[in-house]
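Hi,

Here is the structure I promised to pass on. Have a look at it first, and my notes follow below.

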Amino acid sequence: MNSCKPYQDIKCARLSVGSIFQIFRNTLFLLIIVFIGALFISPTSYAATGVEWLATQFQPDGSFSSASDISTSYQSTTEVLTTFNILGETAQPDILAAVQYIDSDTFQSTEYLSRRIIVNVQQGNTVFTLVAQLQAYQNRNGGFGELPGHDTTVLDTAFALQALVAAGEETGNSAWSALNYLLNNQAVDSGWRDGVNESSQTRLIPGPST
């Protein structure tokens, strides 16, 4: 609080300005110390809290899910397993049960089958049969629909292409045909759309290597 009275000599005013400057200097110094300290914190430590929370979402049926999810249990479980894989959390105790949960699901849409392939590749499991099943879903235009014989969609084709690349099939005809379908159906704004939907389904897809 400024203790200077109106019309008091200028010396008091200078002291008040000096006090404000000192507070600013001390605050700036503390911010610099915090910033420097943050530089020495491993990026993985920021993820530790998230990993711990994800681990607590394991359910008795083998899935990773919560009541507030907007995704299916299948989708959230594959995303958790992929996250653990990316972060090197391969020692998480519930991974095996979660993979078994994924493998036991009987609904084999293109998306679910693609997610299953990706998860099993990450776990080092053989996926030859699963890849052959996925390739049988492919339509003549190179794309994939939700199920065999269904109309091609951008999203299903993107999922299938990701799975093919993950399985090491990036140079095969199926991957190239899927990639060509996506490229041929790219909108003028560089995004992709399905039907009358807005062009908002842009995805970064690791395509076949040249």
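Of the 210 residues in the chain, 35% count as buried. Bear in mind that this is a predicted model. The secondary structure is eight helices and zero strands, so to speak an α-α-α-α-α-α-α-α pattern when you read along the sequence. As for how the chain folds back on itself, take the contacts between residues at least 6 apart in sequence: 55% of them join residues at least 24 apart.

Now the inside. The largest nonpolar core has 21 residues, and those with the most contacts within it are L113, I117, L134, F144, L161 and L182. Helices α5, α6 (128-135), α7 (154-166) and α8 (173-184) each supply at least two residues of this core, with α7 giving the most, six residues. A second, separate core has 14 residues, F64, V80, L81 and V119 among them. As a general point, nonpolar side chains in soluble globular proteins tend to be buried together.

I117 is worth clicking on. Leaving out residues up to four places away in sequence, I117 touches V127, L130, V131, L134, A163 and A167.

Next, two helix pairs that share α5.

The first is α5 with α7. Their axes come within 9 Å and cross at roughly 20°. An angle under 35 degrees counts as roughly parallel, which is why α5 is roughly parallel to α7. The crossing of this pair is left-handed. On the α5 side the contact is made by T110, E111, S114, R115, I117, I118 and V121, and on the α7 side by D156, F159, A160, Q162, A163 and A166. By class, the residues of the α5 and α7 contact divide into seven nonpolar, three polar and three charged.

The second is α3 (residues 73-86) with α5 (residues 110-122). These two pack at an angle of about 25°, with their axes 10 Å apart, and that makes α3 roughly parallel to α5. Here, too, the crossing is left-handed. From α3, the residues Y74, Q75, T78, E79, L81, T82 and N85 meet E111, Y112, R115, R116, I118, V119 and Q122 of α5. The contact of α3 with α5 has five nonpolar, five polar and four charged residues.

If you want a place to start looking, try α5: this helix contributes to the 21-residue core and has contacts with α7 and with α3.

Cheers

Technical notes
Residues numbered from 1 in each chain as written. Predicted model: local features only at pLDDT ≥ 70, side-chain atom pairs only at ≥ 80, totals over all residues. Heavy atoms only, no water. Axes fitted to C-alpha atoms, helices over the stretch in contact; angles between N-to-C directions. Helix = DSSP H or I, 4+ residues; strand = E, 2+ residues; numbered from the N terminus. Parallel < 35°, antiparallel > 145°, perpendicular 65-115°, else oblique. Left-handed = near helix turned anticlockwise from the far one by under 90°. Contact = heavy atoms within 4.5 Å. Nonpolar A, V, L, I, M, F, W, Y, C, P; charged D, E, K, R; others polar. Core = buried A, V, L, I, M, F, W, Y, C linked by side-chain atoms within 4.5 Å. Buried < 20%, exposed > 50% of the residue type's maximum accessible area, 1.4 Å probe, protein only.
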